[in-house]
Amino acid sequence: MMTEFSIKSTSPEAPGGKHESGRPSKSRRRNVLPGFGLSMGYTILYLSLIALIPLSTILLKTAGMGWGRFWTVIASPRVLAAYQLSIGASLAAAVVNSLFGLAVAWMLVRYRFPGIRLLDSLIDLPFALPTSVAGITLTAIYAQHGWIGRWFDPLGIRIAFTPLGVIVALTFIGLPFVVRTVQPVLQNLEAELEEAAATLGATHLQTFMRVTAPALMPAIITGFTLAFARALGEYGSVVFISGNMPMRTEVVPLLIMTKLEQFDYQAATAIALVMLMLSFALLFIVNLVQSWSTGRYAA
Amino acid sequence: MPPEEHELGSMLSGDSGWIYSLDPGERVRSATTETRLGRLLIIAAALLFLGVFLLIPLIAVFTEAMRQGVRVYLTAITNPEARSAIRLTLLTAALAVPLNLVFGLAASWAITRFDFRGKTLLATLIDLPFAVSPVISGMIFVLLFGAQGLLGEFLARHGLRIIFAVPGIVLATTFVTFPFVARELIPVMEATGSEEELAALTLGAGGWQTFFRVTLPNVKWGLLYGVVICNARAMGEFGAVSVVSGHIRGLTNTMPLYVEILYNDYEFAASFAVASLLTALALMTLVAKRLLAGQTHGEPFLPGKVATRPGAV
């Protein structure tokens, strides 16, 4: 592949650039610009050093441990319990974020009232706030005597140090995803479509279900999947509020951390590999949904 | 970004929801606006959600930080351990951000200015850290440079220390933050196109001259936007850094790690005091993002979009 790069970049006279119409073709025009070898070489070198070589250690480490050992680690009750909690809590958080994220996006796009721009800017706070800060703050709020926790305590509901707390933390860090994927789509949605539906006698609910919702669906699915993927790997905001009890409130990233602290690198890598494959599968779904929706809705 | 406020829209009204009837001043509801009840329900749900998950935590950080008074707060953020954590955080960002800035420029130049096979793959690779849990991001460097790691023996023989030391923290941070500048630059550079660069070349400018005099000025806002976001993440990264740091007080503690240590030592006020500095940084990042959003396309840090943005690849 590298040779192809250099052929294309160094020989502007390559047969690729036809000029029958007197105008150079797109690819030929681009080849005139200098710096392909340098920028491409640096990009690949940097990616390899910073990302690809370090990541490949996971495969090397698990390849050395054998299938039997791998399976024993992955299928142990504590690991399975962690996967169950991580996947379950991440799904729950993504569902909450989808429902409320849709409402928030709707409000930000369609309604105007004082302070709404401030709210719009604040949506990205979970991206910008260090996760340990989010973790200690949410724990303080949702603990038994915290600002919110104290209202649930008399009802017999504990949030911090239970799986419920894990869901709260994962909801916080996934909050921007659905809002930010739905918002631009809702913005670009032509009012004419909804008006046409109304003209044809559709009720508000019918218009929403048959016209608006289908157009928003790819964005909602994308936001849902991104929030889910982010939640699966989340560590910082969860460790404080979860209480970290094995079998009960121990999420997968925390379990990996524990194994690393016990210098059980093989177990940590095996658990991480399964986790990575899950995340890659999710991002693959995002790409599928996006290409499907751009194919369908792009003008 | 939301459209300009509708001229006729008043409080709680739909953006394009109201039109004037023939009788001036009297309003009728257009067909596509929700009923008043529906509107109130949507706004109530949205505000409740944002209030509980964004506003209350934001207020709580500063309240908890000030709980034991200003003096405790000031001591907490100025004692030697806190200062060393602040220094290390600044140092880490000062190394990771420029590295990723140069990478971002190189990657976006290659991706937007040339056609080659494997371009989609390359764009996907740039998104890689988004698919990797922070803990795993730290772990891969332990597997590589740790005592039992692939290069562990070699490093030990030469007396070099990467894991549980500053280089490991910088490496892990660089890995976690490498996509940010590139992801912001790629769409901006794609949108700018290469006509002006070609004109400069035709007029006899050299490659670097063209790059510094034409390309950089054209993409400066997108570049700044990427740097701001990259910096916020570099200073705030917790999980990956936590794995490689070893939590050595005064030596390998960044601010987010120091927050954790204080909290685990039940020094809550001090912990929230340091956390409030990081929160202020996050808020400044949001303000910068808001200001720069007008200059650039203003899309937030959403992963999974470089590879799929139509036209970008």
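Okay, quick bit of vocabulary before anything else: a residue is called buried here if 20 or more other C-beta atoms lie within 10 Å of its own. Keep that in mind, and remember that what you're looking at is a predicted model.

Let's put it to use on F161 of chain A. F161(A) has 20 C-beta neighbours inside 10 Å, so it counts as buried. You'll find F161(A) in the loop between α9 (149-152) and α10 (163-188) of chain A. And the backbone there is worth a look: F161(A) isn't a glycine, yet its phi is positive, at about 65°.

There's another one for the list, N244(A). Its phi is near 55°, again a positive value in a residue other than glycine. N244(A) sits in the loop between α13 (236-242) and α14 (252-261) of chain A. Buried or exposed, or something in between? Well, N244(A) has 17 other C-beta atoms within 10 Å, so it comes out as partly exposed.

Over to chain B. We've got 14 helices and two strands there, and of the 313 residues in chain B, 48% are buried. If you take the contacts in chain B with a separation of 6 or more, 72% of them join residues 24 or more positions apart.

Last up, how the chains meet. How many residues does each chain bring to the contact? Chain A puts in 94 residues and chain B 89 residues. On the chain B side, the most comes from helix α1 (residues 36-66), with 15 residues. As for the make-up of that side of chain B, we have 60 nonpolar residues, 18 polar and 11 charged.

Conventions. Residues are numbered from 1 along each chain as its sequence is written. Chains are lettered from A and ligands numbered from 1 in the order in which they are written. This is a predicted model: local features need pLDDT of at least 70, side-chain atom pairs count only at pLDDT 80 or more; totals for chains, interfaces and linings use all residues. Two residues are in contact if their C-beta atoms, placed from the backbone, lie within 7 Å. Helices (H or I, at least four residues) and strands (E, at least two) are DSSP runs, numbered from the N terminus. Ala, Val, Leu, Ile, Met, Phe, Trp, Tyr, Cys and Pro count as nonpolar, Asp, Glu, Lys and Arg as charged, and the others, Gly among them, as polar. A residue is buried if 20 or more other C-beta atoms lie within 10 Å of its own, exposed if 12 or fewer, and partly exposed in between; C-beta atoms are placed from the backbone.
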